[in-house]
Amino acid sequence: MQIALVGIGKIALDQHVPALAASPDWDLAATVSRNGRVPGVEAFSSIDEMLATRQEIGTVSLCLPPVPRLAAAQAVLRAGRHLMLEKPPGATLAEVHALRDMAAAQGVSLFATWHSRMAQAVAAAKAWLVGRTIHEGRITWREDVRKWHPGQDWIFEAGGMGVFDPGINALSILTEILPEPVHLTAAELDVPANRQAPIAARLSLTGGITADFDFRQQGPQTWDMEFLTDAGPIALRMGGNILEIDGVQAEGRNSIMGEYPALYHRMARLVRNGSSDVDLVPMVLVADAFALARRTTADPFEF
Ligand code: NAP
């Protein structure tokens with residue numbers, strides 16, 4: 001099946017292009033980007049022009065940041081094409097509800113992806129937790145924003161979500177593996193004096209679960225989730241790619257490179273089955289954090 005990729009920036013080049021190149025399901029047939037290109041692939045700078053010119057391309061994958069993504073998403077659905085969204089699926093919940101309704105009305109597939117749910121040990125952790133009681137859980141998601149989001153000022157703009165941009169990956173895993181649903185009870189946000197979105201956040205959720213998100217990490221990232229259960233401790237490390245049971249590695253390997261091939265495999269199945277996958281639960285937790293949070297002004301931040 002032919003697919004177009006929109007927003008040729010960091011994640012498109014790091015993950016989407018290699019995943020599509022190795023996919024038995026997809027042929028990367030066009031790109032849309034003002035500046036980015038993929039060698040050997042026809043490049044457009046306008047999505048409307050690509051949709052009008054390349055009628056045979058049935059699916060479009062959007063890698064734009066969340067705020068400018070809505071107009072492109074609406075254009076794709078209006079043109080009757082299947083649509084795949086990077087995480088977070090939009091800037092607000094309501095706009096993704098609107099996209100979901102539009103996809104249903106057009107009879108096309110919409111996939112709001114959560115790449116971290118495809119990490120290698122997530123399914124095993126979910127299976128292990130079935131029937132078990134979690135006494136407490138601690139999420140530590142700390143990364144160097146200069147390494148993972150170099151120069152991306154949009155991330156600190158209104159709607160950019162700040163540290164929730166990676167933090168929502170942890171919440172997407174949490175809400176996938178827990179046997180019971182959770183909701184937010186308190187939040188603290190540290191917002192740099194010269195920015196609109198938090199550089200760090202601390203969350204409390206029901207079930208004794210806490211989360212510590214921080215963009216000011218120096219050196220290697222920490223993407224860990226640790227739980228104390230009635231059957232002992234369990235941990236997911238490396239963004240859900242390694243499972244430890246009682247301190248011993250039980251599943252997975254230290255690589256994030258399997259997540260996007262799994263996303264594109266799932267998108268192919270959704271298109272072939274004529275179905276959609278739009279789970280907004282991780283985004284509800286983030287929206288509630290912005291609604292409930294106490295805010296502290298942090299030092300100004302420059303890339
Ligand atoms: P990025 O490189 O800053 O942006 C991707 C591309 O979007 C840019 O190259 C740019 O392409 C276009 N773009 C940026 N701002 C725009 C604007 N205001 N209007 C129109 N187009 C704009 O960002 P990214 O890191 O790839 O992230 C994109 C999405 O992927 C985000 O939702 C992010 O959460 C998600 N993601 C990122 C990572 C990561 O590690 N960085 C990991 C997983 C998921 P042109 O200038 O060529 O048009």
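**Exercise 1. A salt bridge at Lys10**

Which side chain meets that of Lys10 in a salt bridge, and at what N to O distance? Work from the predicted model.

*Solution.*
- Step 1. Find the partner. The side chain of Lys10 meets that of Asp14 in a salt bridge.
- Step 2. Read the distance. It is 2.6 Å, N to O. The cut-off for a salt bridge is 4 Å, so the pair qualifies.
- Step 3. Place the pair. Lys10 and Asp14 both lie in helix H1. They are four residues apart, about one turn of the helix.
- Step 4. Set the pair against the total. By this rule the count comes to 21 salt bridges.

**Exercise 2. The six-stranded sheet**

Give the strand order of the open sheet of six strands, then find its edges.

*Solution.*
- Step 1. Write the order: E3-E2-E1-E4-E5-E6. The pairing is parallel.
- Step 2. Mark the edges. Strand E3 (42-44) and strand E6 (110-112) each pair on one side only.
- Step 3. Add the twist. From one strand to the next, the average is 20°.
- Step 4. Check one pair in detail. Strand E1 (residues 2-6) runs parallel to strand E4 (residues 59-62), with four bridges between them. Within this pair, Leu5 has Ser61 in E4 as its bridge partner.

**Exercise 3. Helices on the sheet**

Which strands does helix H1 lie across, and which strands does helix H3 touch?

*Solution.*
- Step 1. Take helix H1 (residues 10-21). It lies across E1, strand E2 (27-32) and E4. Its direction makes about 175° with that of E1.
- Step 2. Take helix H3 (residues 66-78). It packs on the sheet and touches E4 and strand E5 (82-85). The angle between the directions of H3 and E5 is about 160°.
- Step 3. Compare the lists. E4 appears for H1 and again for H3.

**Exercise 4. Two domains and their contact**

Describe the interface of domain 1 and domain 2: its residues, its area and its polar pairs.

*Solution.*
- Step 1. Set the bounds. The domain assignment gives domain 1 as 2-112 and domain 2 as 116-255 + 287-298.
- Step 2. Place the centres. The C-alpha centres of the two domains lie 27 Å apart.
- Step 3. Count the residues. Domain 1 gives 10 residues to the contact and domain 2 gives 14.
- Step 4. Read the area. The domains bury about 780 Å² between them. Carbon and sulfur atoms carry 70% of it.
- Step 5. Name the main contributors from domain 1. Lys10, Lys87 and Pro88 supply 54% of the area that domain 1 buries against domain 2. No other three residues supply more.
- Step 6. Look for charge pairs. There is one salt bridge between the domains. The side chains of Lys87 and Asp165 meet in a salt bridge at 3.3 Å, N to O.
- Step 7. Look for polar contacts. Across the interface, one residue pair is in polar contact, with both residues at pLDDT 80 or more.

**Exercise 5. Strands E11 to E13**

Trace the pairing from E11 through E12 to E13.

*Solution.*
- Step 1. Pair strand E11 (residues 222-229) with strand E12 (residues 232-237). They are antiparallel, over five bridges. Leu228 stands opposite Pro233 in E12.
- Step 2. Find the link. E11 and E12 form a hairpin with two residues between them.
- Step 3. Go on to strand E13 (residues 242-245). Four bridges join it to E12, again in the antiparallel sense. Ala235 has Glu244 in E13 as its bridge partner.
- Step 4. Inspect the second hairpin. Four residues lie between E12 and E13, and Met238 takes a positive phi near 55° there.

Terms used. Residues numbered from 1 in each chain as written. Heavy atoms only, no water. Pairing = 2+ DSSP bridges. Axes fitted to C-alpha atoms, helices over the stretch in contact; angles between N-to-C directions. Contact = heavy atoms within 4.5 Å. Domains from an automatic or database assignment. Buried area = accessible area lost by both parts, 1.4 Å probe. Polar contact = N/O pair within 3.5 Å; in protein donor to acceptor, adjacent residues only side chain to side chain.
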